[in-house]
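Here's a walk through this protein, pocket by pocket and then sheet by sheet. Keep the 3D view open and turn it as you read.

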Amino acid sequence: MQIQINTTKPSSTGTSIKHKATCLIACPIFSKELESVLRELNLSPQVNYMHYTIHNSPLKMDEELQNGVDQALKSGDDIRFLVGRHCRGKRNVEEVVEDCRGKIPQGRNCIDMLIGRELTNELQKNRTSIMTPAWIKMINQSIREGHWSETDARLNLGWYNKILILDTGVEPLSDELIMEFYDLTQVEIEILPVDLEHFKNLLQDLLQ
């Protein structure tokens, strides 16, 4: 999905002046929250979502990052990244950002960027895994499409004492889906309502 920005505006002489657009290369885990906040802030960068399989393959992460950068460079756009600094393919994300003179938030991962590092660290205590509804849907899609198996899910998530799902209010999960995810992981699930103020401030700083 792409969100277009109008890059021209009338000058005082009546002619049109072209201004640089902003390209935002984003992890798909943010899509619902990102679109909600962009509407609220009346911001309209061109958003290039990477494919969700970046979470399954370092090579795919590299390919998707480079494809996004190449598209933005062809258009002459300023490049911004909505990707965790600690997310990586075979290259560190920060190296990709530096090479194209882009800009990236300080968050280590998507949860940091949504609610901030301090709250993330507090909530992750006692072997708690923090997710959003999009993470659960992505895991289910990975299993359906053969990128992960149910055994993979249990091995990766069964270590935790609890899975905490952040409810941002933009992508609710049905009780049925929550129960199915519990049946898959056999880990206690808890829902925590959160607001998007931290994410909103992060986007304003990133896109200014």
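Let's start with the second largest pocket, which holds about 260 Å³ of space. Keep in mind that everything here comes from a predicted model. The pocket has 13 lining residues, and those nearest its centre are Pro28, Ile29, Ser31, Lys32 and Ala134. Two helices, H1 (31-41) and H6, each put at least two residues into that lining. H6 gives the largest share, with 4 residues. Sorted by class, the lining comes out as 7 nonpolar, 2 polar and 4 charged residues.

Now move over to the largest pocket. How much space lies in it? About 720 Å³. Its lining runs to 32 residues, and if you want to find the middle, look for His55, Asn109, Cys110, Ile130 and Trp135, which lie nearest the centre. Several elements share the work here: helix H4 (110-115), strand S6 (128-131), helix H6 (133-144) and helix H7 (150-157) each bring at least two residues to the lining. So H6 turns up at this pocket and also at the second largest one. As for chemistry, the lining of the largest pocket splits into 19 nonpolar, 10 polar and 3 charged residues.

With the pockets placed, turn to the strands. A bit of background first: strands in a sheet are held in pairs by backbone hydrogen bonds, and the pairing can be parallel or antiparallel.

One open sheet has 3 strands in the order S4-S3-S5, with parallel pairing. Strand S4 (46-49) and strand S5 (78-82) are its edges, each pairing on one side only. On average, neighbouring strands in this sheet are turned by 25° against each other, direction ignored. Zoom in on strand S3 (residues 22-26) and you'll see that S3 and S4 pair in the parallel sense over 4 bridges. Within that stretch, Ile25 sits opposite Asn48 in S4. H1, which we met at the second largest pocket, packs on this sheet, where it touches S3, S4 and S5, and its direction makes about 175° with that of S4. Another helix, H9 (residues 197-207), lies across S3 and S5 and runs at about 160° to S5.

The other sheet to look at is also open, with 3 strands in the order S6-S7-S8 and parallel pairing. Which strands are at its edges? S6 and strand S8 (188-193), each of which pairs on one side only. Neighbouring strands here are turned by 25° against each other on average, direction ignored. S6, which helps line the largest pocket, pairs with strand S7 (residues 162-167) in the parallel sense over 4 bridges. To pick out one of those pairings by residue, find Ser129: its bridge partner in S7 is Ile163. Across S6, S7 and S8 lies helix H8 (residues 175-185), running at about 140° to S8.

Finally, how confident is the predictor in all this? The chain averages a pLDDT of 89, and 90% of the residues score at least 70. One stretch to view with care is residues 1-18, where pLDDT stays under 50. The model has 30 contacts beyond four places in sequence for that stretch.

Notes. Residues are numbered from 1 along each chain as its sequence is written. This is a predicted model: local features need pLDDT of at least 70, side-chain atom pairs count only at pLDDT 80 or more; totals for chains, interfaces and linings use all residues. Side-chain values use heavy atoms; hydrogens and water are left out. On a 1 Å grid over the protein atoms alone, a cavity is a set of points where a 1.4 Å probe fits but cannot get out, and a pocket is an open set with protein on both sides within 12 Å along at least five of seven lines; lining residues have an atom within 4 Å of a point. Grid points are joined across faces, edges and corners, and a volume is the space filled by probe spheres set on the points. Ala, Val, Leu, Ile, Met, Phe, Trp, Tyr, Cys and Pro count as nonpolar, Asp, Glu, Lys and Arg as charged, and the others, Gly among them, as polar. Two strands pair if DSSP finds at least two bridges between them. Axes are lines fitted to C-alpha atoms, for helices over the stretch in contact, and angles run from 0 to 180 degrees between N-to-C directions. Contact means heavy atoms within 4.5 Å. pLDDT is the predictor's confidence in each residue, from 0 to 100.
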